[in-house]
Amino acid sequence: MARITMREAISQALWEEMERDPRVFILGEEVGVWGGTYAVTKGFYDHFGPERVRDTPIAEAAIVGAAIGAALVGTRPVAELMTINFAFAAMDHIVNEAAKLHYMFGGQMVLPLVIRTVGGGGRQLGATHSQTPDAVFAHFPGLKVVAPGTPADAKGLLKAAIRSQDPVMFIEHATLYQTRGEVPEGDYVVPIGKSTIQRTGKDITIITYSKMLEVSMKAADQLAGEGIEAEVVDLRTLRPLDMEPVLESFKKTNRAVIVEEGWKSYGVGAEISARIYEDAFDYVDAPIKRVAQLEVPLPYNRALEQMALPKVEQVVAAVKEVLNG
Amino acid sequence: MALTAEIKREMYWTMLLARRLDERAWVLHRQGKIAFHISGIGHEAAQVGAAYALRRGEDWVTPYYRDLALMVALGYTPTEFILSLMGKAGEPNSGARQMPSHWSLRRANAVSHSAPVATQCVHAAGIGLAIKLRGDDRVVFTTLGEGSTSQGEWYEAVNWAAVHQLPVIFMVQNNQYAISVPSAKQMAVPSAADKACGLGLRGLSVDGSNVLEVYNVMSEAVERARSGGGPTLIEARVNRITPHSSDDDDRSYRSREEVEEGKRNDAILISRQVLEKEGVLNAKLVEEMETKAKEMVDAAVAAAEAAPYPDVSEAAYPVYVEEVRRG
Ligand SMILES: Cc1ncc(C[n+]2csc(CCOP(=O)(O)OP(=O)(O)O)c2C)c(N)n1
Ligand SMILES: [Mg+2]
């Protein structure tokens, strides 16, 4: 196994899938000559050519809408939206078409479409470049929503997404591209819709995903130093949601903190905690806590932005509150 | 309105000040003092030529991120600009909440905007509609890049303005690139002004390095809008002689010869030649302006460096109008 960055892992998955299946092609803004906003498709244009690595006009609705059309007739488009903030310009196609066509067509046509995009704050890019609206997309039946937190999962899940017969929103995090990890070489596929335990512990369950996995793992390290053993569950896929590892862990620890980068209201933590209360109420020893972003548009100034984003100390504090509560 | 020699000099001064400020922003970025810069270098004549055709402070403006010179023409001060780059307290757009170059200036009726391109054009159409409803004689000026005219919302905005005969001037600052993507991959017509044909309004293309030419074309469009004649689409042909932003390295997609060619047609250079030919500018005057610009930029940087950052509690406000600021 090689130790590579998230960027390299995503790039590898795309490259291998394009080599494996000639129907796979990439379309999006700046994906070709420039090699992608986060340099994921660097070298692709020269290797696969302008037909399979297509620089498009700045028109997100057309990128997703055209990808839908292309997917319906048997190609396998990987549409890249520079950031998830621009996905709102394509929202009609994502939620009114991609999420529903298979159903509305009685299953007669499939829509093997991947929308690769990038979310998250922390880079001083202001309120409309820095959102983490993953839960918004996970709201819609018909979409699969994937948000990996490790390089290995990024590679394996992207391969699964490209092979999926259903539309997949594949949400990368803007500050994880340099994160390194062991990634299996060759045809490594991680199934969509499987949560996983990233760290075992007996005292409390921390449920999280994407960038907040990193934050939660740091918090767990810190807590371990104080004799508190946290178990960390990484959701990896927000829809379809796999609650099994969450419930299994919770039935052991009887306590939980949910950590997400987006806003708390109507968010991932709301969904997870409701499901725990519904399906494991008898195991609840303390109220579940959620750590999330301050409910404001993310500000530009660095200190203000950092203040608004969820931090390791907040996770540590929430864990202690639940344990002592 | 015929421009006086004094106004013409002031137009050049505004361009020059914006240029020197912009150059300093790149330096501040290299020094690690600011997080990000996106430049208006090469676009100044288009912006200043347009601004001077407006009733500045009265007409509405929905700008885009390259419009530093436009903002300076609207009265945005050098210190205000550097404060915004540094995310300092007292920054007039937003109190350091909004990203730099997402301009606004309440006192000049310049409206803040989101990162997704071309959205400001639809707002301009709405402002134009309200102006018509209220029956005043203001106009709206909105700008964007040629790549952004690929966006559906841009067509929707122009179509609206044309259908309802709204007092809107759309200026496309065509610098031939959208980040790395050349305009031939954005549109199948040679000029963004050609798009006016299908939408039913006047479309004109102008040398955006020549401040007086831009002023003339823009004046005509403003006059038409003010007198109920409806919208105009102006393409200003400009040269982007910097990378897209401080996050970009343009060497991978642009030849150095092309950039050098752009510098030979640079807005400051061409406009200076035009104004010297008219006899309103000379080397001595330019030198005085340069000295003054340097002093002002230095002073702005010093003032902004000395300014405090906003208190972190500011992050929580003001999401809603009803919220009373605590403390
Ligand atoms: C809806 C949307 N998609 C993508 C982007 C990312 N983006 C920012 S600037 C830019 C290029 C714009 O090019 P152009 O309109 O020609 O303006 P220029 O920067 O050349 O002045 C792109 C693609 C964005 N801001 N908004
Ligand atoms: Mg451009």
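# A walk through a two-chain model

Let's begin in chain A, where strand β10, residues 204-208, and strand β13, residues 256-263, run parallel to each other and are joined over three bridges. One of the paired positions is A:Thr205, whose bridge partner in β13(A) is A:Ala256. Please keep in mind along the way that this is a predicted model.

As general background, strands in a sheet pair through backbone hydrogen bonds, in either a parallel or an antiparallel sense. Here, β10 and β13 belong to an open sheet of five strands in chain A, with the order β9-β11-β10-β13-β14 and mixed pairing. At the edges of this sheet sit β9 (196-199) and β14 (289-293) of chain A, each of which pairs on one side only. On average, neighbouring strands of the sheet are turned by 25 degrees against each other, with direction ignored.

The sheet also has a helix lying across it. Helix α13 of chain A, residues 312-324, covers β10, β11 (230-234), β13 and β14 of that chain. Relative to β14(A), helix α13 runs at about 165 degrees.

Now for the place where the two chains meet. Chain A brings 26 residues to the contact, and chain B brings 32 residues. On the side of chain A that touches chain B, α4 (84-87) and α12 (302-308) each supply at least two residues. Of the elements there, α12(A) gives the most, with five residues. Sorted by class, that side of chain A holds 17 nonpolar, six polar and three charged residues.

Ligand 1 is a good next stop. Which chains contribute to the surroundings of ligand 1? Residues from both A and B surround the ligand, so this site is shared between chains. There are 22 residues around ligand 1, and those that come nearest are B:Pro116, B:Gly145, B:Gly147, B:Ser148 and B:Ala178. Two strands of chain B, β2 (140-145) and β4 (177-178), each provide at least two residues of the shell. By class, the shell around the ligand is made up of eleven nonpolar, six polar and five charged residues.

Staying in chain B, we can look at how helix α2 packs against two other helices. The partner to take up now is α1, residues 5-30, which packs with α2, residues 44-51, at an angle of about 135 degrees and with the axes 10 Å apart. Since angles over 145 degrees would count as roughly antiparallel and 65 to 115 as roughly perpendicular, α1(B) and α2(B) are therefore oblique to each other. Their crossing is right-handed. From α1(B), the contact uses B:Met11, B:Thr14, B:Met15, B:Ala18 and B:Arg19, while α2(B) offers B:Glu44, B:Ala45 and B:Val48. The residues of this contact divide into five nonpolar, one polar and two charged.

The other partner is α7 of chain B, residues 211-226. The axes of α2(B) and α7(B) come within 7 Å and cross at roughly 40 degrees. That angle makes α2(B) oblique to α7(B), and the crossing is again right-handed. On the α2(B) side, the contact is formed by B:Ala45, B:Ala46, B:Val48, B:Gly49 and B:Ala50. On the α7(B) side, B:Val211, B:Leu212, B:Val214, B:Tyr215 and B:Met218 take part. By class, this contact has nine nonpolar, one polar and no charged residues. Notice that B:Ala45 and B:Val48 appear both in the contact with α1(B) and in the contact with α7(B).

Conventions. Residues numbered from 1 in each chain as written. Chains lettered and ligands numbered in written order. Predicted model: local features only at pLDDT ≥ 70, side-chain atom pairs only at ≥ 80, totals over all residues. Pairing = 2+ DSSP bridges. Helix = DSSP H or I, 4+ residues; strand = E, 2+ residues; numbered from the N terminus. Axes fitted to C-alpha atoms, helices over the stretch in contact; angles between N-to-C directions. Contact = placed C-beta atoms within 7 Å. Parallel < 35°, antiparallel > 145°, perpendicular 65-115°, else oblique. Left-handed = near helix turned anticlockwise from the far one by under 90°. Nonpolar A, V, L, I, M, F, W, Y, C, P; charged D, E, K, R; others polar. Near = placed C-beta within 6 Å.
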